[in-house]
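Notebook open, coffee poured. I want to look up how the helices pack, and then check a few local features.

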Amino acid sequence: MGTTVRRPGAYICGIDAAMDVIGGKWKVLILWALNERPCRFGELRRELPGVTEKVLASQLREMEADGLVHREAYDEVPPRVEYSLTPRGVSLNEALEPLGAWGRANILGGSPAPGQVREDDHVALIAGGP
């Protein structure tokens, strides 16, 4: 497993270090998209409306350097490159799951986390549902 390239400045705590790795608008969304399946560059760009080609390429390079994303270049014509999560990227996504549940419950006003029922819920939860 690769080590994260230390950015300038000292980290105060583990959260500070983790936020440095996922900082910016697009990195957590890239993690989310690649958690679904490996993607080619164009697929990722379509999954993330609003991201520019330059920014996406830069973010993917940083995430590759941090050991979160694996870039696989296939020796084909035309050339094909796929991006996927490394085990380190998967573990980061797992660490972000509670944050996503908090956002759904407190910001989006969405459904509770899997297995949790709110007092005012009158509809049965479907296992594995959104």
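My entries below go through helix packing, a salt bridge, a surface patch and a peptide bond.

**Entry 1, what I'm looking at.** I'm working from a predicted model, so I read everything here as computed from that model.

**Entry 2, α2 against α5.** I describe two packed helices by the angle between their axes and the distance between the axes. I started with helix α2, residues 27-36, and helix α5, residues 87-106. Their axes lie 10 Å apart, at an angle of about 110 degrees. I call α2 roughly perpendicular to α5, because angles of 65 to 115 degrees count that way. Then I pulled the contact residues: α2 brings V28, L31, W32 and N35, and α5 brings G89, L92, N93 and L96. Sorted by class, I get 5 nonpolar, 3 polar and no charged residues in this contact.

**Entry 3, α2 against α4.** Next I looked up helix α4, residues 53-65, which packs on α2 at about 75 degrees with the axes 10 Å apart. These two helices are therefore roughly perpendicular to each other as well. On the α2 side I find K27, I30 and L31, and they meet L56, Q59, L60, E62 and M63 of α4. The class tally for α2 with α4 is 5 nonpolar, 1 polar and 2 charged residues.

**Entry 4, α1 against α2.** Helix α1 covers residues 14-22, and I get an angle of about 75 degrees to α2, with the axes 8 Å apart. That makes α1 roughly perpendicular to α2. D20, V21 and I22 of α1 touch K27, V28 and L31 of α2. By class I note 4 nonpolar, no polar and 2 charged residues. Side note to self: L31 is listed in the α2 contact with α5, in the one with α4 and in the one with α1.

**Entry 5, salt bridges.** How many salt bridges does the structure hold? I get 6. The one I wrote down pairs the side chains of R37 and E47, at 3.9 Å from N to O. R37 sits in the loop between α2 and β1 (39-40), while E47 belongs to helix α3, residues 41-47. The two are 10 residues apart, so I log the pair as linking distant parts of the chain.

**Entry 6, surface patch.** Which residues form a nonpolar patch on the surface? I find L99, W102, I107 and L108, with about 500 Å² of accessible area together. I placed W102 in helix α5.

**Entry 7, peptide bond.** Most peptide bonds are trans. I flagged V77 to P78 as cis, with omega near -5 degrees. P78 is in the loop between β2 (69-74) and β3 (80-85).

Note on methods: Residues are numbered from 1 along each chain as its sequence is written. This is a predicted model: local features need pLDDT of at least 70, side-chain atom pairs count only at pLDDT 80 or more; totals for chains, interfaces and linings use all residues. Side-chain values use heavy atoms; hydrogens and water are left out. Axes are lines fitted to C-alpha atoms, for helices over the stretch in contact, and angles run from 0 to 180 degrees between N-to-C directions. Angles under 35 degrees count as roughly parallel, over 145 as roughly antiparallel, 65 to 115 as roughly perpendicular and the rest as oblique. Contact means heavy atoms within 4.5 Å. Ala, Val, Leu, Ile, Met, Phe, Trp, Tyr, Cys and Pro count as nonpolar, Asp, Glu, Lys and Arg as charged, and the others, Gly among them, as polar. Patches are made of residues with over 30% relative accessible area and no salt bridge: like charges are joined within 9 Å, nonpolar side chains (Val, Leu, Ile, Met, Phe, Trp, Tyr) within 5 Å. Accessible areas come from the Shrake-Rupley method with a 1.4 Å probe; for residues, only the protein chains shown count as cover. A salt bridge is a side-chain nitrogen of Lys or Arg within 4 Å of a carboxyl oxygen of Asp or Glu.
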